[in-house]
Each structure stands twice: as structure tokens, then as C-alpha cells.
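Hi everyone, thanks for making time. Please have a look at the model on the screen, and then I'll walk you through a few parts of it.

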Amino acid sequence: MTQAGAELPSWDWEFERENLREAWPYITPTWLRSAESAMTEGEPFHTTAHRLRNEDALLPGYIYTTPPDLDFDPRTYLGWQPSPDVQACCGGAELPQSAVDRVSALGVDAFFPALMLGSPLGYRTEAAFTFWTPELFRHLVTASVQAAQERGVQCVVAPWIPDRMGNQHLVTALERLGAAVGFRGTEDFLQLTADNYADHVARMPSRKRRRLNLDRQAAVDAGVTFDRIEKDELANNAARVAELTMMNRQRYGASARFEHNETVLRQLLSEGVDVRCWVGRRGDEIVGVCLGFRKHDRIYIKSVGFDYTALGERSSVYFVLMFDLPVADAYAEGVRQVEFGMGSHEAKIVRGCESRNISSAFIMTDPELRPEVAGLLEEYSAQRASMFGAEPVLAHS
């Protein structure tokens, strides 16, 4: 049985950790409940499927009746921006003003109300499921899109589809309903194949080891020390962590709200989620943070933040916090993969990461608008693919 506009399943963190081992923490009910307590702009519109006892699936979704923050505005994923100095999350490619004007000319009513498939504050479009059939995604997507269009939705956007095993069925299901699909970016991950962290460093080419040592020494010279906080200590510093991550996003022009960051973090901690934060301190003051989660055999890096007034442009602190410390802890805990997400792509590749593509898909309810939107998406996709040095279309493998 498939139902659109459904309540979230009542899964808690323990259930998700044991039964949804392949699901990213950002698309499961524990995260979504926390996000919904912080971000009330979108109306939850989740689609669920149920087969037998404990056999369930969830495709998250949110309906926006009016334009939300830029990161969650469908037009953003066609390259639109309200002004040249405002940029959405993981931006970078700039379309000619003529293309931006073409999106604007379509008008707000062409896109809203809009259904965004996925987890807005998690920046991920996937399904979580405890059972699998080749038709599962088709049933979820079809039920979601048809019910949303019956509600008057003018646009369905799936902005962040990662090229992971099984998601080709998600893309195909969207395409069957008239979706245009284009390249959005990449996310980076590191498989830990050495016996331990010391062995991992020893395997690095000499120039990479030198870069690592220079970063560490520069952090020492800057008077920064590092440690990891979690549970009560992290809760006591939640406001500072939220402040620094917000400052980092705002520095690069992305929309960010302090209350979103802090509320989600505190709620996740109260739910018992394995949240950890690597921090850089100068004296007693926290001047840099890297927030992440452990779930089963992966560590997921969610966000970073820095006090740029205190640190200036110190990339050494960035990579010690975001890369070096999480990898060292992952080896110590027997974790076999660290997921670094989007951003700083080239620098992560230099440090040994692999990448997978992220794609965006659009379904316009008005069939007359589909060719124009498909053309805009193709242009923006090509420009972003060139920027990332990637293929512009999601790989179907």
C-alpha cells in the first residue's frame, strides 16, 4: 500500500541505525522530525509504502506555496538568483543574465505551489526503506507526484539525487512522469582501506603527506588546539556550533538561519543520535567546528564553521578539522568510509577522495512549460558539469 501526504513512520534512531544501514541520516524520520521542528516554511508531504510487518519505505517531501529561502526555491536549481551577489548552497556556476531573465520571465506562479522531494535541511533526495522491489521507487514517485498535482502543485523538483546503487530507479520513475534531469554537482567520500590511520598516512604520496604536515604545523603556529565534543558537552556548546556553521554559509552567500542549525542539533542530541563535533580552540574559545554523525560503518560530515575574524583565511585549520581528525577517529573506531558531502571538491580529491554525481530533476505540471525548463536545466547542467569536470548526466548503472 502506498500513501501520499502521510505521517512520518515512527522509527527512532536505534531502529534506523540497525534497520536502515544504507540510508543517509538526513532522510530518515529522526532527522526529519528535528528539521520540521526548526523549519516550518514547508508543509510536510511525505509518501510511504507498506508491505508486510516492518516492511516500510519513505520518500520525504515538502510543499511550498510561496518562494522559500533561496536554497529551497526550485528556480535556484535552474541557475536563477535574485541578484548577482546572492548565491544558493553549493553554487558557483553562473548563467548569463539572459538565462536568469528567462527563468524570471516564467513567473512565480509557474513554479508555486512547488513540491520539493527530499530533505531540505539535509540537501538530499532519496528514499529510506526496509524492503526493496524494482518497482518501489516508481510507486513512491508516482503516488507523490500525482497527489501533489491534484493539490495544485505546479512544479515538482528533486534537487539532490546522488548516483548511488538503486537511485537509477528513482530517476527513471521521475523521467516517466515527464521530468527533465540534469547535473547538479558531486559529493565526495573516502574509503578507508589501510589497517590504521598511521598506515593511511604512510600510504600517501610524499607531497600529500607534506601538505598534511604543513596544515598541522600552521594550525599549531596559529595557536589552535583540537579535540572532539559530543553529548552533554556538545549540547552546552550548541549555540556556538550553530553560530559558526551559519557564519560559514553566509560567508559564501548561501541562505542560513541560526535557529535552524541550533534547533536541529539540540533535537538530534535529545533523540540519542550519534552526533560528534570536532572543534578547534584558541585558548578557551571555540574558533572552528566540524559537525558529523556516525551511523553503522560510516561517518557523515554535515557542516563546518569558522570564526574568520579570529582565524583569517587559514585553510590549514579547515582541513585538520574537516578531514584529518574525522579520518583518524574513523580508523580508531573501525569505520570503513567517511562521507564528506558537497563542497571543496578539488581539495578533497587531492586528499584521496572519490566522488559520485548529484543530479536534479524537474517536473512541470504545465506541459507547455516543460521544453523551456528542460532547456534551462540543460544549460545550467552543462555549465556546472564543466566546473566540476564531470559528466553532465546522472550515470545509470
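I'll talk about cavities, a helix, the cores and a few strands.

A word on the source: this is a predicted model, where local features need pLDDT of at least 70, side-chain atom pairs count only at pLDDT 80 or more, and totals for chains, interfaces and linings use all residues. Residues are numbered from 1 along each chain as its sequence is written, and side-chain values use heavy atoms, with hydrogens and water left out.

Let's start with empty space. Rolling a probe the size of a water molecule over the atoms shows where it is left. By cavity I mean a set of points, on a 1 Å grid over the protein atoms alone, where a 1.4 Å probe fits but cannot get out; lining residues have an atom within 4 Å of a point. Volume is the space filled by probe spheres set on those points, which are joined across faces, edges and corners. Searching the whole structure turns up 3 cavities of 30 Å³ or more.

The second largest holds about 50 Å³. Its lining is made of Ala35, Glu36, Met39, Glu41, Gly42, Tyr62, Tyr64, Pro120 and Leu121. Two elements give two or more residues to that lining: α2 (29-38) and β5 (61-64). Helices here are DSSP runs of H or I with at least four residues, strands are E runs of at least two, and both are numbered from the N terminus.

So, is α2 mostly covered or mostly open? It is mostly covered, with 7 of its 10 residues buried, meaning under 20% relative accessible area with a 1.4 Å probe, protein chains only. Among the buried ones are Trp31 and Ala35.

Trp31 comes up again in the largest nonpolar core, a set of buried Ala, Val, Leu, Ile, Met, Phe, Trp, Tyr and Cys residues joined through side-chain atoms within 4.5 Å. That core has 61 residues, and Trp31, Leu234, Val275 and Phe362 have the most contacts inside it. A second, separate core has 32 residues, including Trp278 and Phe323.

Last, strand β4 (residues 56-59). Asp56 and Leu58 on one side, and Ala57 and Leu59 on the other, are all buried. Strands pair if DSSP finds at least two bridges between them. β4 runs antiparallel to β3 (residues 46-50), with 4 bridges, and Thr48 stands opposite Leu58. β4 also runs antiparallel to β7 (residues 128-129), with 2 bridges, and there Ala57 stands opposite Phe129.

Methods:
1 Å grid on protein atoms, 1.4 Å probe; cavity = no way out; pocket = protein on both sides within 12 Å on 5 of 7 lines; lining within 4 Å. Buried < 20%, exposed > 50% of the residue type's maximum accessible area, 1.4 Å probe, protein only.
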